[in-house]
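Subject: Structure handover

Hi,

Here is the structure I promised to pass on. Have a look at it first, and my notes follow underneath.

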Amino acid sequence: MRYLLKIDSFLRNHKRMVAGILGALILVSLLGLKFVRYNNNIESMLPMDEAVQQAMRFLRESNFSDKLVISLRLNDPAYTTDDLILAADRLAASISSPLVKQVTSGINSGNFLPEMIFFLQYLGQLTPPASLEDLKNQLTPEGLTERLAFIYRQSLTPQSSFLMPFLRADPFNLSAPLLSNIEKLSRASGYDVTVNRGHFLSPDGRSAMIIVKTSVLLTEGFGSRKIIDYLQSKLRDVAGYINADIIAGHMHTVANEDTIKKDIRLTAGIAALGFIFLFLFLFNDWRALIIFAMPLGAVLITTLVTFFIFGSLSYFVIGLSTVIAGITLDYGIYVYIAVRKAGNQLATLDKIRQPMIFGALTTVSVFIVFFFSSVAGYHQLAFFSNFTIMLCLLFALFILPHFIKQEPALAKPTQKDPPPIPHSKTADYSLIGGWLVLMVIALILSCGLRFNSDITQFDAVTPQVLKSEEEFRKNWGNHKLPAVLVVQAPNLQSAYEINDRLSRQAAAAIGQENFTSLAYLWPAEADRRKNLAAWVKFWQPPQVNRLKELISVSGPLYNFSDDAFAPFYRILENPAPVEIEPSGLAFFTQLKEQFLLKNGAHYQVLSYFPDDEQFIEKLRLIKENFPGSFLVSRKSFSRQIAQALTGEFLFLITLAILATAGLTGLLLKSLRLMALASVPVITALALTGGITRLAGLSLNIPSIIAAMVVIGLVSDYGIFMVYYCKYKYETGTITAVTLAALTTLIGAGVLLFARHPVLFSVGVVMTSGVLFGYLSSLLVIPVLYRVWNNKNAPPI
């Protein structure tokens, strides 16, 4: 007490100096905002679960996160594919930026045929022994004659310039499975792409695709905006007969950032108007401006401190600043009402200091719990909130009283409170009964709540982006994006071998038609050696000579000379040696970009399959037999996050409830009073759950976080009301609690106007939770206190 007297005396005598120092500190913080860096990296809001982080590392380091697709579509029937290709070439040639690593509009079709003929030198390694057994039927005079007749008919078709070189190198069509696999591999992305004159075109020839590879990952907010802005500037120069859209995860990153920024401006503006309304119509005292200035100053100071500690500030945290401001306004209101009613003596502050401190500590304890979370973004939220709360608490207790005067009408020490409002036991029991019935109904409704773990529910993408993506799916095949099964090994040879074994099991489990793997085109080295051994054994010199003799007899019937199939003879006589992978083939290199990654000291081989639950479950069992392998899918990723956070949040909620209960018990020192103080918490959680169910909404991660904050907030109302009922201090408790709830409702309620799903979810839970918690503290606690203690509670 002696120290408090000294502090109070010093601040009273030097209040102008203290105000000047605080003003300078706030001004420095305001000027420092231009140096603060913000981020909207989604990774900071994900748990440190091994499976989740592994999936995020894969997405970050793979070829998926650094690619953007530009889709060009003819919108005028007067223009043709030639015009489309010309426009695509011009656009691709104009894209040149440090942010762009590569621009691909197709493949060099002129090199494709020579490369495929060169690839046939690996026929021996890629032809299974079973195919050689089938070949025996063609190595007869009748079979060969029939085959030569077919080749002759092909030579008369318009496509003969393409087909004949290929048929000369592979007269028995042994490469047909290889070509089929190459086509399947090229469609692993889930879209129908054809190559026309070296360009990626849609099946109807009215759309062209340009792939832009960038150094910017889709999780980088500022980089995403730069690359999107650059590409959109180039699209403005595209001819008017073409619609151009950018399809990329970067578009979602930018859209979410834009939505959050707009929401912050909107909610901050509405909250400011609400607080101004309170000041003008309820307080009617210019000194009340200090109450509203305190949270603003604390938020500014905390923003700069948080930036220095964490290096950047999350837009998610800034988006919740209006809620935090509403929370911290409570402390100034409690002091303001008490001082205006009873004066600014230490005796007045002693009456409200304990419930204020313990009320603040209950809220702080809830946020402290977030430090035990594995989600890094929650640590920043906890620090930002608690630092702001403690600053405002100190301002309210030690500085604010010296700038407020007692109301003249209440200056007389003999002024007494009005007499209690008459009440009856019947009315009290009726209210308690109605409250209990409402609680039972709410709890029954809450039991039907579902938890939605799909992370796409938090994607605040704009309608324009959704429309572009829908058009893209319509033009390029309306397919779902596939899931990915990844195997990894310390070297390339081992990676191919593991992928081969896993692909066999996967094909057996879900069908080869549902599983796209590089192993079907390029098997493991051991398998290729076996195939080559069988090939060499089959094509012994006597067999090759017999084939030449048959062709020399039947060939002239169709104008084929003895050396017409010399390319095939060379493949038989000099098969390619077994190597880890073919080299010098552009088409194989392009395929590898989708199926093979070099990740540090490891190689990763990717296989694709439909993102359906039945396939995910079967392949999840298979991958357990291959250490280091993992699944990446939207459905699986959402489930992994849910599994990682479910247990964690149960633990955090338990900690929050125990901390709140412990602090409440430490202040009230009575189990009965603790039970009364918990009424707002129980009511808020039950009725919020019921309202959420009735509104057709589901639980999600933000709503659970908001519910934890509600626990800390409404417990303050319970503490103040129980304290008021017990000690009957004339410090304006009812007015203070009402105004505190009103300011918090303004801070949380403005989030109902937010378009971003995360902020909206928080707004729904906090608005309903604070409203029901306040009403129950005001109406239910005094009645329960009267009934339970068989004595009068103070008037309401």
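Which residue in β11 does K598 stand opposite? It's Y603. Before I go further, a word on the model and how I refer to things.

This is a predicted model, so please keep in mind that local features need pLDDT of at least 70 and side-chain atom pairs count only at pLDDT 80 or more, while totals for chains, interfaces and linings use all residues. Residues are numbered from 1 along each chain as its sequence is written, and side-chain values use heavy atoms, with hydrogens and water left out.

**The sheet**

K598 and Y603 belong to a pair of strands, β10 and β11 (residues 602-609), that run antiparallel and share four bridges. (Strands count as paired if DSSP finds at least two bridges between them; helices, H or I with at least four residues, and strands, E with at least two, are DSSP runs numbered from the N terminus.) Another residue with a partner in β11 is L596, which stands opposite V605. The hairpin of β10 and β11 has two residues between the strands, and G600 takes a positive phi near 65° there. The side chains get involved too: K598 lies over the face of Y603, at 5.2 Å from the ring centre. (A charge sits over a ring if NZ of Lys or CZ of Arg is within 6 Å of the ring centre and within 35 degrees of the ring normal.) K548 does likewise with Y569, lying over the ring face at 5.0 Å from the centre.

Zooming out, the open sheet has four strands in the order β10-β11-β9-β12, with antiparallel pairing. The edges are taken by β10 (596-599) and β12 (630-632); each has a single partner strand, so one side of each is left without a neighbour in the sheet. From one strand to the next, the twist averages 30°. Helix α20 (residues 492-510) packs on the sheet and touches β9 (483-489), β10 and β11, with its direction at about 145° to that of β9. (Contact means heavy atoms within 4.5 Å; axes are lines fitted to C-alpha atoms, for helices over the stretch in contact, and angles run from 0 to 180 degrees between N-to-C directions.)

**Aromatics**

There are 22 aromatic pairs in the structure. One of them is F119 with F587, an edge-to-face pair at 5.4 Å centre to centre and 85° between the planes. F119 sits in helix α5 (residues 109-119) and F587 in helix α24 (residues 586-595), so this pair ties together parts that are 468 residues apart in sequence. (Rings of Phe, Tyr and Trp, the last by its six-membered ring, pair if their centres lie within 6.5 Å; planes under 30 degrees apart count as stacked, over 60 as edge-to-face and the rest as tilted.) F119 and F587 are both buried, and they form one aromatic cluster with Y122, W522 and F588. (Buried means under 20% relative accessible area, exposed over 50%, and partly exposed in between, with a 1.4 Å probe and protein chains only.)

**Around that cluster**

Helix α24 also holds K592. Is K592 buried or exposed? At 18% relative accessibility, K592 counts as buried. Leaving aside neighbours within four places in sequence, K592 is in contact with Y496 and E581.

F119 turns up again in the contacts of L178, which, with neighbours within four places left aside, are F119, L123, L126 and L521. L178 is in helix α10 (residues 176-186) and is buried at 6% relative accessibility. The C-alpha atoms of L178 and L120 are 9.5 Å apart, with their positions 58 residues apart along the chain.

**Domains and two more residues**

The domain assignment, which is automatic or from a database, gives domain 1 (62-107 + 198-247), domain 2 (120-184 + 482-610) and domain 3 (255-395 + 439-457 + 637-789). The C-alpha centres of domain 1 and domain 3 lie 47 Å apart.

I746, in helix α30 (residues 733-749), is buried with a relative accessible area of 16%. Beyond four places in sequence, I746 is in contact with A271, G274, F275 and L278.

L699 lies in the loop between α28 (679-694) and α29 (701-727) and is partly exposed, at 29%. With neighbours within four places left aside, L699 is in contact with L449, R450, F451 and N452.

Cheers
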